[in-house]
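Grab a pencil and open the viewer. Try each task yourself before you read the solution under it.

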Amino acid sequence: MDDQRTLRVVIAEDNYLVREGVRRLLEDSGEIDVVAGTGDAAELLDAVRRFSPDAVLTDIRMPPGHHMEGIEAAREIRAAHPDTGVVVLSQHADESYALALFADGSAGLGYLLKDRIGDLEDLVHALREVRAGGSVIDPQIVDTLVRRRSAAASSPLAALSPRELEVLREMARGRTNAGIEQSLFLSSSTVEKHVNAIFTKLRLPESGVHRRVAAVLAFLQDGGANAPE
């Protein structure tokens, strides 16, 4: 778990009012210092080079193309600045966009729907998680992936109890066992039991909290064929 020091963050959003609103929201938390606000991918990359922030919060669509500039910038930032985490905000609930972000690895990356901006606790958690090298994915995207995977013939997800499915969703969101305890109001021993059962039933490799997110996402995407060893 990352420490609770103030995080230095760069924001990328081409709408000035939205950008300044998010800046104000984050800084009012007392946990975030927004060191730069940028309006396009080129400005974002330049700001990251100049300020070496702990994390970046970027819209998925920015000038000039308004397509997936945020995802492309996230990949460049992670490659050139591995100590900087990136959270991509998107209005797209289609899981294909999230999977595109995680195509080359999920470490230090997060994908949240823009609705999550209003949940300051989740937003700050995501920024801290990617800064620590973890991964975060919006629960709505996780639910979509779980439903799709569950519908597949002979899906191992059918072996999970309703409570284990809840724990699986929290794991995919990047929650530690302690975070799952708080979110689902469960004891430490109960969470540990459910996590162990999930890894056993889905035949996932045991791993630390960050790598287990990658394992769960790989399973939900394609049945675990590419789950990390």
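Here are four exercises on this predicted model, each with a worked solution.

**Exercise 1: Getting an overview**

Find out how many helices and strands the chain has, and what share of its residues is buried.

*Solution.* Start with the secondary structure: the chain holds 10 helices and six strands. Next, look at burial. Of the 229 residues, 51% are buried, where buried means under 20% relative accessible area. Then turn to the outside: the accessible surface is about 10,200 Å², and carbon and sulfur atoms account for 49% of that. Last, check how far along the chain the contacts reach. Take the contacts between residues at least 6 apart in sequence: 66% of these link residues at least 24 apart.

**Exercise 2: Reading the sheet**

Work out the order of the strands in the open sheet, and say why one side of E2 and of E6 has no neighbour there.

*Solution.* Step one is to walk across the six strands, which gives E2-E1-E3-E4-E5-E6, paired in parallel. Step two is to look at the ends of that row. E2 (32-38) and E6 (135-137) sit at the edges with a single partner strand each, so one side of each has no neighbour in the sheet. Going from one strand to the next, the twist averages 20°.

Now zoom in on one pair. E3 (residues 55-59) and E4 (residues 85-90) run parallel and are joined by five bridges. Threonine 58, for instance, has valine 88 in E4 as its bridge partner. Finally, see what packs on the strands: helix H2 (residues 41-51) lies across E1 (7-12), E2 and E3, at about 135° to E2.

**Exercise 3: A glycine in a loop**

Locate glycine 118 and decide whether this glycine is buried or exposed.

*Solution.* First, find the spot: glycine 118 is in the loop between strand E5 (109-113) and helix H5 (120-131). Second, check the accessibility. The cut-off for exposed is over 50%, and glycine 118 has 70% relative accessibility, so this residue counts as exposed. Third, try a distance: the C-alpha atoms of glycine 118 and leucine 25 are 8.8 Å apart, although 93 residues separate the two along the chain.

**Exercise 4: Two crossing helices**

Describe how H6 and H7 cross, and name the residues that meet.

*Solution.* Begin with the axes: those of H6 (residues 139-151) and H7 (residues 162-172) come within 10 Å and cross at roughly 130°. With that angle, the two helices are therefore oblique to each other. The handedness comes next, and the crossing of H6 and H7 is right-handed. To finish, pick out the contacts: Val142, Asp143 and Val146 of H6 meet Leu165, Leu168, Arg169 and Ala172 of H7.

Conventions
Residues are numbered from 1 along each chain as its sequence is written. This is a predicted model: local features need pLDDT of at least 70, side-chain atom pairs count only at pLDDT 80 or more; totals for chains, interfaces and linings use all residues. Side-chain values use heavy atoms; hydrogens and water are left out. Two strands pair if DSSP finds at least two bridges between them. Helices (H or I, at least four residues) and strands (E, at least two) are DSSP runs, numbered from the N terminus. Axes are lines fitted to C-alpha atoms, for helices over the stretch in contact, and angles run from 0 to 180 degrees between N-to-C directions. Contact means heavy atoms within 4.5 Å. Buried means under 20% relative accessible area, exposed over 50%, partly exposed in between (1.4 Å probe, protein chains only). Accessible areas come from the Shrake-Rupley method with a 1.4 Å probe; for residues, only the protein chains shown count as cover. Angles under 35 degrees count as roughly parallel, over 145 as roughly antiparallel, 65 to 115 as roughly perpendicular and the rest as oblique. A crossing is left-handed if the near helix is turned anticlockwise from the far one by less than a right angle, and right-handed if clockwise.
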